[in-house]
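Here is a quick walk through a protein model, written for someone who likes to check geometry. Have the viewer open as you read.

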Amino acid sequence: MKIIVCIKQVPDTKGGVKFKPDGTLDRGAMLSIMNPDDKAGLEAALRIKDEYGAEVTVLSMGLPKAEDVLREALAMGADKAVLVTDRVLGGADTWATSTTIAGAIRSLDYDLIITGRQAIDGDTAQVGPQISEHLGIPVISYAQNIKIDGDSVIVERQFDDRYHVLKAKMPCLITALSELNKPRYMTPGGIFDAYEAEIKVMGRADLIDVDDSNIGLNGSPTKIAKASDKVRKGAGEKVNLDPEESVKYIIGKLTERHII
């Protein structure tokens with residue numbers, strides 16, 4: 001069984017966010033981590049590997065420094081790593097990103113693809129399902145539990161205060177929630193092996209069935225109109241009333257705003 005896990009290097013927002021003049025994130029100037037949902041997806045793949053036997057390949061699209069999260073994934077137990085990087089791929093929105101990743105995956109063998117539900121730097125939850133659409137395979141999103149049943153997967157899909165149980169034949173794609181599991185730590189031996197491992201690098205020329213009009217900033221149908229740092233909230237309205245008047249005041253404000 002062959003599993004591809006798509007992981008993304010995202011800004012560590014605790015260290016501050018920086019933007020380029022064109023409104024896109026200045027990723028090279030920020031501290032980075034592995035996207036939490038993707039890390040849960042990787043842990044799910046590694047648990048499948050432990051229980052059923054599988055080859056786990058991690059794939060990331062980004063700057064050359066994205067090699068760091070790929071080596072972290074190798075140190076956790078992934079078998080192979082692929083980095084998709086090229087200047088012409090920069091500034092991609094979700095459509096251009098998913099087109100690029102699908103173009104890279106077409107050259108790889110897989111039974112199952114796992115992505116995170118969404119990345120903390122974009123929060124769109126679009127790339128995973130878009131990849132499945134490009135590849136023409138089923139998708140099950142918001143996975144909170146994954147099991148293998150022969151040539152199929154059985155997934156508990158989070159839905160409000162309950163969950164759906166869905167079954168799909170492989171090949172298929174699953175998007176994972178960070179709540180899916182608690183990712184394992186890297187091992188000392190794994191870290192040593194990870195930094196000795198070779199990472200396969202793919203560029204624009206290696207993408208299959210991808211048109212130039214659908215990649216990078218120029219191939220992105222959505223553009224950032226404005227970007228700014230987080231705006232601080234004001235102090236708000238303060239009133240000093242006795243308990244009974246306070247209740248009437250709060251009820252009045254909630255009614256005024258059509259909350260109740």
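## Overall picture

Helices and strands here are DSSP runs, numbered from the N terminus, with at least four residues for a helix and at least two for a strand. Counted that way, the protein has six helices and 11 strands. Keep in mind that this is a predicted model.

Of the 260 residues, 40% count as buried. The accessible surface comes to about 14900 Å², and carbon and sulfur atoms account for 51% of that. As for contacts between residues at least 6 apart in sequence, 70% join residues at least 24 apart.

## Helix H1 and the core

Helix H1 is a handy place to start. It covers residues 36-52, and its 17 residues should span 24 Å at 1.5 Å a residue; the end C-alpha atoms are 24 Å apart, so the two figures agree. Plenty of H1 is tucked away: the buried residues are Asp37, Asp38, Ala40, Gly41, Leu42, Glu43, Ala44, Ala45, Leu46 and Ile48. Right after H1 comes Gly53, with a positive phi near 90 degrees.

What does Leu42 touch beyond its neighbours within four places in sequence? The list runs Val5, Met34, Val56, Val58, Ala73, Met76 and Ala78. Leu42 also belongs to the largest nonpolar core, a set of 39 residues, where Ile3, Val5, Ile7, Leu42, Val58, Leu112 and Val153 touch the most other members. Apart from that core lies another one, of 21 residues, with Val82, Leu89, Ile113 and Ile131 among them. As a general point, nonpolar side chains in soluble globular proteins tend to be buried together.

## Salt bridges

Side chains of opposite charge can pair when their charged atoms come close. With a side-chain nitrogen of Lys or Arg required to sit within 4 Å of a carboxyl oxygen of Asp or Glu, the count comes to 14 salt bridges. One of them joins Arg184 to Glu43, with the closest N and O atoms 2.8 Å apart. Arg184 lies in the loop between E10 and helix H5 (188-194) while Glu43 is in helix H1, so this pair ties together parts that are 141 residues apart in sequence. Glu43 counts as buried because its relative accessibility is 3%, whereas Arg184 is partly exposed at 28%. Both also belong to a salt-bridge network that links Glu43, Arg47, Asp50 and Arg184.

Two other pairs are local in sequence. Arg162 bridges to Asp161, the closest N and O atoms being 3.0 Å apart, and both of these residues are exposed. Over in helix H6, Lys248 pairs with Glu244 at 3.9 Å between the closest N and O atoms. Those two are four residues apart, so about one helical turn separates them. Glu244 is exposed, with a relative accessible area of 55%.

## Backbone oddities

Most residues other than glycine have a negative phi, and most peptide bonds are trans. Which residues go the other way on phi? Tyr142 does, with a positive phi of about 60 degrees despite not being a glycine. Tyr142 sits in strand E7 and is partly exposed at 29% relative accessible area. Asp209 is another case, with phi near 55 degrees. Its home is the loop between strand E11 (200-202) and helix H6 (243-256), and it is exposed at 66%.

For the peptide bond, look at Met170 to Pro171: it is cis, with omega near 5 degrees. Pro171 is placed in the loop between strand E9 (162-169) and strand E10 (172-176). The C-alpha atom of Pro171 is 9.6 Å from that of Gly136, 35 residues apart along the chain. Gly136 itself is in the loop between helix H4 (127-135) and strand E7 (139-149) and counts as exposed at 65%.

## Helix H4 and the C-terminal end

Helix H4 also holds Gln130. Is Gln130 buried or exposed? Since buried means under 20% relative accessible area, its 18% makes it buried. Not counting residues up to four places away in sequence, Gln130 touches Thr94, Trp95 and Ser98.

On the surface, Val247, Ile251, Ile259 and Ile260 form a nonpolar patch with about 400 Å² of accessible area together. Of these, Ile259 lies in the segment after H6 and is exposed at 58%.

Terms used: Residues numbered from 1 in each chain as written. Predicted model: local features only at pLDDT ≥ 70, side-chain atom pairs only at ≥ 80, totals over all residues. Heavy atoms only, no water. Buried < 20%, exposed > 50% of the residue type's maximum accessible area, 1.4 Å probe, protein only. Patch = residues over 30% accessible without salt bridge, like charges linked within 9 Å, V, L, I, M, F, W, Y side chains within 5 Å. Areas by Shrake-Rupley, 256 points an atom, 1.4 Å probe, with all protein chains shown as cover. Expected span 1.5 Å × (residues − 1). Core = buried A, V, L, I, M, F, W, Y, C linked by side-chain atoms within 4.5 Å. Contact = heavy atoms within 4.5 Å.
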